[in-house]
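Open the model in your viewer and keep the selection box ready. The stops below follow one another, each with something to select.

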Amino acid sequence: MLVIVGSLAGGYSPAWGHLVDTVLADYVVNSLLLMLGVGVGTFVLGVSAAWLTAMCEFPGRRLFSWALLLPMAMPAYIIAYTYTGMLDYAGPVQSLLRESFGWGYGDYWFPRIRSLGGAICMLSLVLYPYVYLLVRVAFSEQSTAVLEASRSLGKTPWQTLFLVALPMARPAIAAGISLALMETLADYGTVAYFGVSAFTTGIFRTWYGLGELQTAAQLAAFLLLFVFALFALGRYSRLRLRFHPASARQESRRIQLRGARAALCTLLALAIVSAGFILPALQLASWAFDDPARALEAPFLDLVGNSFMLAAMAALCCLFLALLLGYGRRLHPGRLETVAVRVSSMGYAVPGTVIAVGVLIPFAWLDNGIDSLAREWLGVSTGLLLSGSLAALVFAYVVRFLSVALQSVESGLGRIRPALDESARSLGHSPTQVLRRVHLPMLRGSLLTALLLVFVDVLKELPTTLILRPFNFSTLAVRAHELASDERLADAALPALAIVLIGLLPVILMTRNLSRGDNNA
Amino acid sequence: MNSQLEVHKVTVRYGAFTAVEDVSLTLEKGQIGCLLGPSGCGKTTLLRAIAGFERVAEGSIALHGSVLSTPRQQVAAEQRKVGMVFQDFALFPHLNVRRNIAFGLSHLDRRARRARVEEMLALVSLTDYAQAYPHELSGGQQQRVALARALAPNPEILLLDEPFSSLDSELREQLAGEVRELLKQNGVTAILVTHDQHEAFAMADRVSLLHRGRIAQSDTPYNLYHNPANEFVAEFIGHGSMVSATVDAGGELSQGLGSLDRSHGHWEPGEHLRLLVRPDDVEYEENSRTRLRVVGKAFRGASYFYDLLLPDGQRVPCLTPSHIDVPLGGELPIRFNLQHVVVFAPPRERTAD
């Protein structure tokens, strides 16, 4: 990350000037529009879903309260390919329209899916669960007394929603949207596929098209400014959350909906889940099972093997480092340790493209150094030892996803009361023994969660892999992207479906936590 | 129907569970009532039924002559002119004090609203804190904001749900007195829900003691203490022990409890009685022949609270000046002074509760 920021100070190549003259404005405007659109989209979808499931009672509410999380399993680039396949000119929807109305090409208007608007829709559909999750928790932690106070002061339930419940959930809404927007900025697959010139695509193009690593880094630095603004927003809103004490809540009293309104709610929830998960998943499945034998063929199994190996390596590294950092902070809660944890936890906010560029520059420099040293002393050229290797890739994953692991490890450690450490120490155990005999057994759940989350995130990660992968090395995500870019949507379905299915794991994990929370409330 | 509040034979059910059963209650304008009882007795449920947050299964609730709740029809909470102060105050965390108080005043125009808010701020002496947010206030201040907010729209009745329970115990009684003053001066009709009898006595004109969803006794604080209607009331209010005894032909009680004031009337020789013995009914007397074994003892500063053993194993309380210091297991000379003692016929002989 330092490398990226440092590049701002470095020399500006002519290409930078060229970029500023031509496409930079495009990148900024498109990225801003994208953020605005996704912000509005996730707000509307997430908040209404949260309000319905947390505050109203309608048929299927329990089912939907976790089903609404399903779209999280769907990476944005995959839903983008899928909808393109379904909605473009040759797709089933338009074909059906033409057949039933006897239209020909150009006779009718149909929204173009591969556009900025399309990208906004796709991203909103899969990113709203961030808002939903946080706002739902906020709603259900709001004291019923406060809502009843509003009723007893003469406000109807709907007025109460807008005057009290929503303003009180503001910090959660802001936090959720800032998360969704970070993901939006980090997204490469969707915008690249839809041909939208946003920052991430710009970085890619500068590099591969113009071969300007330095300029790409400068673009990345620019993107980072946006990200830090969002990061700050998220942190600030979470600080404000402290002023909203979750008070003793009586058993939640939901608004009973009946008849048409209840049906409307059920339909709305169903529509959101269908659009974000069920429809694209079915479409993927139908493409994939056109030719099920392919699943067992060597190329696909290779992909699976590569992906799993990478993900497992990165997950283990992350876990080890997270444990080291988290435990170090517990033992020595000093300033330095806190800063180290804070800095390393920012990685998740940084888009994969930026990290990839940031990792590549020092590695390339190291390679060149080693290479020239080796040539001087040994007379052999080592070539690129590190930058094209799996090591660089895993390193980049660790930078990006360490915070995910750190979060579960820290929250797990946080639940272990310090008195336990102290009693173990007073019984004659060294810190390492305490870790092994007390903490690790108690942390098993958190550690597994951390491992799983990183594993799945790595599996889904597209841009980092795309930039840093060794030559001729492919993963599920990369392959799906390549095939889709070549318009071989049906062929892309198999790896895409595999990613979605694996992506379901953390969602299931989360819904289990969520329903446990419901039972406690 | 001149009563401000008329609760008529109200029953509230949660599914199969009956939380409030056949409760009737009236309050005149300006009166302060109290629903007192142990937790789970249904007092909060009844309050919430009056506020419109629970439906009544039977009976009716009327406020100022207009019917609010019947099993068939339920006026929505926001349409009743009912003010409510919640247990944890339930202030809106995103609004400052001024806007919290103004929340229920949207029917007024801007100027009238401003005037009313100023008036309420002055009433609870929080004018200096008008811009503060709830989390910046102390517990007592938050409580005054909650009170001002509930009173601002001029409700027909003010409901207070354990309003002092989240405050320090020292603050409680003082605040209860202050709040009573404030309500009385403004002629506010109010109902307080609490499990703390001292709070109830400090605030209310009439106290209804609830037991398992039914009213055990509805009376003035004085009568609740001195003339409890049944054993539950006797045990809940104040300190005391229920003691079983029999009366002999001479009017003497068994266990050496002495003789009973005959004006109580409803006893005959040989009858089994249940007596409520308050600590002040058992007096220390240096030369008394009656000496009871000390089985429990607590230092109260000015006094000692003794737990004494009767010959048959029952216990009675006794309050002595704190210089009377008998060790555990020792014997305390006492005299029974049962002139005002409350007597109940044993439960099995009572016809109906």
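## Chain B at a glance

Of the 353 residues in chain B, 42% are buried (20 or more other C-beta atoms within 10 Å of the residue's own, with 12 or fewer counting as exposed and anything in between as partly exposed; C-beta atoms are placed from the backbone). The model is predicted: local features need pLDDT of at least 70, side-chain atom pairs count only at pLDDT 80 or more, and totals for chains, interfaces and linings use all residues. Residues are numbered from 1 along each chain as its sequence is written, while chains are lettered from A and ligands numbered from 1 in the order in which they are written.

Color chain B by secondary structure. It has 8 helices and 20 strands. Both kinds of element are DSSP runs numbered from the N terminus: helices are H or I with at least four residues, strands are E with at least two. Along the principal axes, the C-alpha atoms of chain B fill a box of roughly 80 × 50 × 35 Å. Now consider contacts (C-beta atoms, placed from the backbone, within 7 Å). Among those in chain B between residues at least 6 apart in sequence, 64% join residues at least 24 apart.

## Stop 1: the four-stranded sheet

Select strands 1, 2, 4 and 5 of chain B. They form an open antiparallel sheet in the order 2-1-4-5. Two strands pair if DSSP finds at least two bridges between them. Strand 2 (17-27) and strand 5 (66-69) of chain B are the edges; each has a single partner strand, so one side of each has no neighbour in the sheet. From one strand to the next, the twist averages 30 degrees.

Zoom in on strand 1 (residues 5-14) of chain B. It runs antiparallel to strand 2 of chain B, joined by 7 bridges. Pick B:V7: its bridge partner in strand 2 of chain B is B:L25.

Next, click B:K9, also in strand 1 of chain B. Is B:K9 buried or exposed? B:K9 counts as exposed, because it has 12 C-beta neighbours inside 10 Å. Leaving out residues up to four places away in sequence, B:K9 touches B:D22, B:S24, B:E58 and B:G59. For a sense of scale, draw a distance from B:K9 to B:G330: their C-alpha atoms are separated by 53 Å, at 321 residues apart along the chain.

## Stop 2: the six-stranded sheet

Select strands 6, 7, 8, 3, 9 and 10 of chain B. In the order 6-7-8-3-9-10 they make an open sheet with mixed pairing. Strand 6 and strand 10 (214-219) of chain B are the edge strands, each pairing on one side only. The twist here averages 20 degrees from one strand to the next.

At one edge, strand 9 (residues 206-211) of chain B pairs with strand 10 of chain B in the antiparallel sense over 5 bridges. There, B:S208 has B:S218 as its bridge partner. Add helix 4 (residues 139-151) of chain B, which packs on the sheet and touches strand 6 and strand 7 of chain B. The direction of helix 4 makes about 170 degrees with that of strand 6 of chain B (angles run from 0 to 180 degrees between N-to-C directions, and axes are lines fitted to C-alpha atoms, for helices over the stretch in contact).

At the other edge, strand 6 of chain B and strand 7 (residues 157-161) of chain B pair in the parallel sense over 4 bridges. B:V82 stands opposite B:I157. Show side chains on strand 6 (residues 82-85) of chain B: B:V82 and B:M84 point one way, B:G83 and B:V85 the other, and all are buried.

## Stop 3: helix pairs in chain A

Select helix 7 (residues 116-141) and helix 10 (residues 170-186) of chain A. They pack at about 155 degrees, with axes 8 Å apart. They are therefore roughly antiparallel (over 145 degrees; under 35 is roughly parallel, 65 to 115 roughly perpendicular, the rest oblique). The residues of this contact divide into 14 nonpolar, 2 polar and 1 charged (Ala, Val, Leu, Ile, Met, Phe, Trp, Tyr, Cys and Pro are nonpolar; Asp, Glu, Lys and Arg charged; the others, Gly among them, polar).

Move to helix 3 (residues 24-55) and helix 14 (residues 259-288) of chain A. Their axes come within 11 Å and cross at roughly 135 degrees. These two helices are therefore oblique to each other. A:L45, A:A49 and A:L52 in helix 3 meet A:C265, A:A269 and A:I272 in helix 14 of chain A. That contact has 6 nonpolar, no polar and no charged residues.

## Last stop: where the chains meet

Show both chains. The contact takes 19 residues from chain A and 18 residues from chain B. On the chain A side, helix 8 (144-152) and helix 9 (157-168) are the elements that give two or more residues. Helix 8 of chain A gives the most, with 6 residues.

Technical notes. Two residues are in contact if their C-beta atoms, placed from the backbone, lie within 7 Å.
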